[in-house]
Amino acid sequence: MANRTDPRARTVHGTNPQNLVEKILRAKIYQNIYWKEQCFGLTAETLVDKAMDLDHFGGTFGGNRKPTPFMCLILKMLQIQPEKEIVVEFIKNSDYKYVRLLGAFYLRLVGKPMDVYQYLEPLYNDYRKVRRKLDSGSYVLSHVDEFIEELLTLDSSCDIALPRIPRRWTLEAAGQLELRKSGLDYDEMEEEEEEEEEEREPVPDKAEEKERYRDRDGERDRDRDKERDRDKDRDRDLDRDRDRDRDRDRERDRDKDRDYSRDRDRDRDRDRGRDRDRDRDRDRGRDRDRDRDRERDRDTDRDWARDRGRERDRDRDRGRDRSRERDRGKDRERDRDRDRERDRDRDRDGERERDYDGERNRDGDSRKRDRRDEMADENREKKTKKDKKEKAAGGTDHEDPEIAEANKLRAKLGLKPLRA
């Protein structure tokens, strides 16, 4: 929320005003301590106080390119977008030169070309010295008019790309700007006017001129006496101020010596107390380490005795398990011998039963074969008798072959046979 543009702000050059500052520089400003502590909640009225506290201007500096407070305030102005009248008052402020530079830079970023030339060109007559912070973090001496020249002629300043504006002669040719008048022209015009006034003055008479010179000499003497008295009073005041300053310096030196001795005694007592506390802490640490080592040795002995008892119990259990395993092996061997003996007996009994069943099966097979032959003979006889009966009943066995043929046909048609 603190980094958002004011919702009532208008777009500048078709974009969000904060986008006039590059994204990387904008992110570094958001992370800067000055931005978080000093620029939070600033308005157009309270921003003036922060601008008056500036003592240098510049873009970024150092290896990690930290932004200067000047750049933080520029981004804050883009965020809150103060009115044009406030920006113009910044530029016209002649008491605080860094407030003037802040307003000029902001107007160069968001202003129209005619406004830029109209409000920034008069600042060419401001020759005051200003401090500029370089990329290395050191300061260099500059002037207000040099910074204005940089804003009007270059494409970037203070690590920010400036919006492009037409050249002055282009606007002059289009009739949007008047011809620029230099300050030197005004000086020449004033000199010419003074010369004309001197020429217009009448030539005085010699008597009047002598009287004027005499009056001037008397005034000069009186002024000289006054100046001499004034110098004496000034020297007296200076001597008095020097004595007062000397007494003040002596008293300050005495207070410093007294404070130094008091601080030294206090530091000595503090160092003694620290040494005492350090020795006490060292002794406590040694005792604590000694107790810890003893407790560790006791725990080690206890663990060793416990492990040795467990090892004995483990060996005892292993011996028992071995004897049990041995007994189980013997029982297993006995059971195996018993099973083998039972299998042998079972095999013998099976052979006997097979032999007995083979004999019985042989006798049964011969009896079954004889019975089967007898039944086949009986069936054959029954079939023969049946065929004879059917032939006799159907008339197909008639002695006359024609009658027998006719009876076959009648039998197929389901009629009764012919009798003869």
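**Rings, charges and burial in a predicted model**

Q: What makes it correct to say that the charged end of Lys133 sits over the ring of Phe61?
A: In this predicted model, the charged end of Lys133 is placed 3.8 Å from the centre of the Phe61 ring. The description asks for a charged-end atom within 6 Å of the ring centre and within 35 degrees of the ring normal, and the 3.8 Å found for Lys133 and Phe61 meets the distance part of that rule.

Q: Which residue lies over the face of Trp35, and at what distance from the ring centre?
A: Lys76 takes that position, at 5.2 Å from the ring centre of Trp35, a value that again falls within the 6 Å limit.

Q: Why is the aromatic pair of Tyr30 and Trp35 called tilted?
A: A pair of aromatic rings is described by how far apart the centres are and by the angle of the planes. Ring centres have to lie within 6.5 Å for a pair to count, and those of Tyr30 and Trp35 are 5.7 Å apart. The planes of Tyr30 and Trp35 make an angle of 50 degrees, which is neither under 30 degrees, as stacked would require, nor over 60, as edge-to-face would require, so the pair is tilted. Both Tyr30 and Trp35 are buried. In the protein the count of aromatic pairs comes to five.

Q: Which residues do ring pairs link into a cluster?
A: The cluster consists of Phe57, Phe70, Phe105 and Phe147, joined through ring pairs.

Q: How do you know whether Ser157 is buried or exposed?
A: The relative accessibility of Ser157 is 2%, and because buried means under 20%, Ser157 counts as buried. Ser157 belongs to strand S6, residues 156-157. Leaving out residues up to four places away in sequence, Ser157 touches Phe105 and Phe147, which also belong to the phenylalanine cluster, together with Arg132, Glu150, Leu151 and Leu162.

Q: Which residues of helix H7 are buried, and what covers them?
A: In H7, which spans residues 113-120, the buried residues include Asp115, Val116, Tyr117 and Leu120. Their cover includes H5, helix H6 (97-110), helix H8 (144-153) and helix H9 (168-173).

Q: What makes the phi of Arg65 and that of Gln81 worth pointing out?
A: Most residues other than glycine have a negative phi. Arg65, although not a glycine, has a positive phi of about 55 degrees, and Gln81, likewise not a glycine, has a positive phi of about 50 degrees. Arg65 is in the loop between strand S2 (60-61) and strand S3 (66-67), while Gln81 is in the loop between helix H4 (69-80) and helix H5 (84-92).

Q: Why does Gln81 count as buried, and why does Arg65 count as partly exposed?
A: Gln81 has a relative accessibility of 16%, which is under the 20% cut-off, and therefore counts as buried. Arg65 has 25%, which lies between 20% and 50%, and so counts as partly exposed.

Q: Why is the contact between the side chains of Asp315 and Arg318 called a salt bridge?
A: Side chains of opposite charge can pair when their charged atoms come close. The N to O distance for Asp315 and Arg318 is 2.5 Å, and since the rule asks for a nitrogen within 4 Å of a carboxyl oxygen, the pair qualifies. Asp315 and Arg318 stand three residues apart in helix H11 (residues 206-394), which means that about one helical turn separates them. Asp315, at 40%, and Arg318, at 37%, are partly exposed.

Q: How far apart are the closest N and O atoms of Asp321 and Arg324?
A: They are 3.2 Å apart, and Asp321 thus forms a salt bridge with Arg324 under the 4 Å rule. The two residues are three apart in H11, about one helical turn, with Asp321 at 44% and Arg324 at 43% relative accessibility, both counted as partly exposed.

Q: Which network of salt bridges links Asp126 to other residues, and how many salt bridges are counted?
A: Asp126 is linked with Arg100 and Arg128 in such a network, and the count for the protein comes to 39 salt bridges.

Methods
Residues are numbered from 1 along each chain as its sequence is written. This is a predicted model: local features need pLDDT of at least 70, side-chain atom pairs count only at pLDDT 80 or more; totals for chains, interfaces and linings use all residues. Side-chain values use heavy atoms; hydrogens and water are left out. Helices (H or I, at least four residues) and strands (E, at least two) are DSSP runs, numbered from the N terminus. Buried means under 20% relative accessible area, exposed over 50%, partly exposed in between (1.4 Å probe, protein chains only). Rings of Phe, Tyr and Trp (its six-membered ring) pair if their centres lie within 6.5 Å; planes under 30 degrees apart count as stacked, over 60 as edge-to-face and the rest as tilted. Contact means heavy atoms within 4.5 Å.
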